[in-house]
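Subject: Structure for you to look at

Dear colleague,

I am passing on the structure we talked about, together with some notes on what I found when I went through it. Please keep it open while you read, as the notes go from one site to the next.

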Amino acid sequence: MHAKDENRVGKFDMAIPVLLWLFLIICCIIFLIYRIQKNTKENNDYYYSAAKQNQFTVKSKIEGDIQLLKVIAAGFSGMDSDHARQLPEIIGRMNLSMKGMKIKYSEKLDWSRLDREASYFDVLIRGKNNQPLGYLYTGDAENLMNQFMNTQTLAGAGICAVFDNRGSLVAASDDRDAADWNNIRNEIYNMITSNQKTSSKLNLIENEREFAVLIPLEYNDWYLLNVFPESGLKGRYMETAVGIGIMILISSGLFFAFFYKQYRTITANQKTLVNIAYTDSLTRSRNFHAFKKEAERILRTADLKSYAVWYCDIKKFKFINDVLGYEEGDRILIEIAGLLQKCSGQNSLFCRVSADNFVGLYQYESRMELKNCFQKLIEDFRLKELSYNKRIATELCMGVYFLEEEDRNVSIDTIVNRANIAQKYIKNLPGNQFGIYNKEMWDKVVDESEMESEMEGAIERQEFRIFIQPKVSIQMNNEIVGGEVLVRWENPRKGTILPGQFIPIMERDEKIIMLDRYMFERSCQWFHRYLKSGSKPINLAVNVSKVGILRDDFVDYYGSIKEKYEIPDGLLELEFTETVMLTDDSVFNSLVARLHEKGFICSLDDFGAGYSSLNLLKNLSIDIVKLDIMFFRKSSDIRRERIVISNIIHMAKELHIKAIAEGVEFTETVDFLKSAGCDIIQGYVFARPMPLEDFERLLGETVSLAPKDDNKVVNICTEK
Ligand code: C2E
Ligand code: MG
Ligand code: MG
């Protein structure tokens with residue numbers, strides 16, 4: 001898919017064996033050509049020597065015939081002229097008994113009368129006194145030649161012919177038409193005059209390539225033509241050539257079969273590698289690398305104003321993994337990837353960036369489209385989870401960056417980062433969240449990252465201070481019965497920073513555990529001193545981050561510190577946020593049981609802020625429920641609000657759970673809560689969180705506090 005580069009490498013790899021194969025084939029062909037040339041030369045030599053052999057044979061026969069004529073002529077020598085008159089008759093009788101050669105006699109050789117071609121040699125007979133009596137010569141020489149030429153070694157396969165020096169045929173080993181010989185007369189004449197010994201242009205043998213050798217017969221200015229069919233000898237090396245050819249074919253076939261198999265394997269491997277490189281192994285959708293490439297490609301030519309990049313995170317996913325298990329976490333991720341796939345349009349795409357973070361590019365017509373899409377995602381996910389009979393604890397949070405034309409040269413990483421910033425900005429708000437990137441978000445991120453770097457070593461530098469907000473028992477004359485330990489960061493650069501600003505950051509990398517333990521130990525140190533001084537025992541509550549309770553040594557650590565500072569049972573309270581409901585009830589309850597054994601009080605903080613369900617009260621074995629500040633914000637329908645609050649308090653009482661109202665700011669709320677049976681109030685209406693020393697002083701000076709609407713003047717030492 002996106003692997004042009006990789007493919008190029010692959011093609012280059014494949015080219016090497018092909019080049020090797022080509023090299024081998026070229027070597028084979030060169031060898032074959034070399035063999036053919038060598039064989040051709042060998043054949044030519046062979047033809048030439050065969051022609052020489054023929055020349056020798058023909059010449060020997062002619063000489064033999066001449067010898068015979070000479071012997072006969074010698075027999076007649078010394079004859080007188082009277083007897084010589086009987087010679088024609090004697091010779092006639094001799095011819096009758098001779099096979100093949102016919103001897104003729106003539107007193108004179110009159111070439112105008114005798115057929116020159118027919119008498120190819122003659123011998124003089126000398127009579128008495130050496131007087132010439134006449135000539136013996138062979139008649140029908142052509143026939144005679146034919147006869148002995150038929151006995152040539154290549155008689156069956158080739159042709160032999162004798163030509164005179166003008167190119168006229170004297171005799172031939174086969175009886176073809178005179179016209180055929182005439183056709184080649186010029187060619188033969190040319191060969192004779194140009195001293196050309198070989199030719200393959202005579203075309204004397206039908207349907208065959210031939211090779212002709214013309215050599216002087218060394219007799220009578222005659223020439224002997226030998227025509228050989230090439231098939232005879234070529235057959236020898238043709239076998240070799242065909243053999244080599246077949247071997248080339250077979251080896252090529254094998255090579256290509258092997259090559260094809262290799263190619264298939266390599267392409268399959270490449271595909272797998274590309275898949276690995278571009279696919280998210282869990283969700284099987286594209287990975288971030290592939291997403292960036294694809295998004296860059298789309299945005300390069302797109303109208304940026306119709307595109308948005310979103311960044312979606314599953315809230316508290318680490319918690320889901322830790323508590324419900326990785327299998328459940330994976331299932332949720334696959335589920336969400338499937339739903340996102342359904343939402344993706346033609347020019348829209350998405351991927352999983354890491355863990356529970358998804359990022360996507362979305363093409364829209366109106367900006368609302370994206371929000372609707374997010375709503376649909378949440379709804380589809382809810383239905384999906386219901387179909388699995390799962391408790392819906394998963395919430396999504398999506399940050400969006402709408403691209404502008406000026407983002408043309410901005411990298412995709414930066415754009416994704418902006419969407420991520422928008423997502424982070426809203427992440428800590430309760431419930432499913434959808435947020436659009438703006439400058440304020442950017443500033444906050446910069447601020448947070450500065451804070452994050454300053455956090456390093458802040459504990460050692462003792463920059464974290466203990467503040468305590470008093471808890472007042474409204475059923476017992478507003479007596480101060482305890483306090484909640486709240487951390488404040490005295491930052492040298494920024495002054496006092498509230499926990500809401502740095503705790504979420506610390507929770508990201510578990511620094512919060514160090515801080516919680518530090519705050520707990522410092523509180524116990526003070527509490528120990530306070531109690532030792534004989535002061536009135538109070539209840540002291542400390543906050544415990546959800547991250548901390550997952551530590552195996554959680555109970556042991558808190559138990560050991562409590563023991564170390566000899567804090568009596570029933571005075572220390574640990575506040576858990578209601579996110580613990582994501583935990584399996586039984587896991588949390590066994591934790592609470594162990595804490596109870598160690599003498600701790602356990603409370604559920606921020607009840608009603610996020611995930612609350614009334615069921616929770618029934619299932620968790622906690623001692624105190626702290627109604628969230630949200631309950632006491634002025635609502636539009638105060639009557640309904642109060643019905644809810646009083647029923648929760650009532651239900652808690654029935655379950656023997658104490659109810660504490662948090663964030664109460666108005667005296668009238670105090671009155672209502674008192675009548676509703678609420679035990680304790682922690683709110684500005686009585687006191688703001690104050691430094692530890694102030695709290696101690698307050699305890700020494702005051703037993704009870706009066707509620708005041710103008711909460712700022714409760715204590716001079718409280719925060720503004
Ligand atoms: P929380 O545990 O629910 O603490 C109560 C918060 O409500 C405190 O905010 C307190 O100042 C605020 N509050 C109390 N009464 C009123 C009121 O009448 N009006 C308004 N507007 N606010 C009121 P704070 O101190 O900013 O702490 C915020 C949260 O930070 C705490 O909520 C707690 O969850 C967390 N936190 C504070 N200290 C620690 C700590 O040492 N460890 C951990 N893990 N969390 C801490
Ligand atoms: Mg608290
Ligand atoms: Mg609270």
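In this predicted model, the donor residues of the magnesium ion (ligand 3) follow the spacing D-D-x55-E in the sequence. The residues concerned are D605 and D606, each giving an OD atom, and E662, which gives an OE atom, and these protein donors lie 2.0 to 2.3 Å from the ion. The pair of D606 and E662 links distant parts of the chain, since D606 sits in strand β19 (residues 601–607) and E662 in strand β21 (residues 658–662), 56 residues apart. Are these two donors buried or exposed? With a relative accessible area of 24%, D606 is partly exposed, while E662, at 10% relative accessibility, counts as buried; the cut-off that matters here is that buried means under 20%.

The magnesium ion (ligand 2) belongs with this site, because D605 bridges the magnesium ion (ligand 2) and the magnesium ion (ligand 3), with the two ions 4.0 Å apart. The protein donors of the magnesium ion (ligand 2) are E484 (OE), N543 (OD1), E575 (OE) and D605 (OD), at 2.0 to 2.2 Å from the ion, and in sequence these donor residues are spaced E-x58-N-x31-E-x29-D. E575 lies in strand β18 (residues 572–577) and D605 in strand β19, so this pair ties together parts of the chain that are 30 residues apart in sequence. Both E575 and D605 are buried.

A second place to look at is strand β14 (residues 464–473), which is mostly covered, with nine of its ten residues buried. Which strands pair with β14? Strand β15 (residues 479–491) runs antiparallel to β14 and is joined to it by ten bridges, and within this pairing F464 has W489 of β15 as its bridge partner. The hairpin of β14 and β15 has five residues between the strands, and in this hairpin N477 takes a positive phi near 55°. Strand β23 (residues 690–691) pairs with β14 in the antiparallel sense over two bridges, where P691 of β23 is the bridge partner of F467. Strand β22 (residues 680–682) also runs antiparallel to β14, again with two bridges, and here S473 stands opposite I680.

Next comes R352, which has its place in strand β10 (residues 349–354) and, at 13% relative accessibility, counts as buried. The side chain of R352 makes a polar contact with the side chain of D280 at 2.8 Å, and the R352 side chain also reaches the backbone oxygen of A355 at 2.8 Å. Leaving aside residues up to four places away in sequence, R352 touches D280, L282, T283, S285, R286, N287, F288, L333, N357 and F358.

Finally, a point that combines a record with the model: an unreviewed UniProt entry carries the annotation "transmembrane region" for residues 14–34 and 241–260. In the model, residues 241–260 are 100% helix and 0% strand, and the end C-alpha atoms of this span lie 27 Å apart.

With best wishes

Conventions. Residues are numbered from 1 along each chain as its sequence is written. Chains are lettered from A and ligands numbered from 1 in the order in which they are written. This is a predicted model: local features need pLDDT of at least 70, side-chain atom pairs count only at pLDDT 80 or more; totals for chains, interfaces and linings use all residues. Side-chain values use heavy atoms; hydrogens and water are left out. Donors are N, O and S atoms within 2.8 Å of the metal (3.2 Å for Na, K and Ca); water is not among the atoms, so sites may look incomplete. Helices (H or I, at least four residues) and strands (E, at least two) are DSSP runs, numbered from the N terminus. Buried means under 20% relative accessible area, exposed over 50%, partly exposed in between (1.4 Å probe, protein chains only). Two strands pair if DSSP finds at least two bridges between them. UniProt positions are given in the numbering used here, feature names are shortened, and annotations may be inferred rather than shown by experiment. A polar contact is a pair of N or O atoms within 3.5 Å; within protein, one must be able to donate a hydrogen and the other to accept it, and residues adjacent in sequence count only if both atoms are side-chain atoms. Contact means heavy atoms within 4.5 Å.
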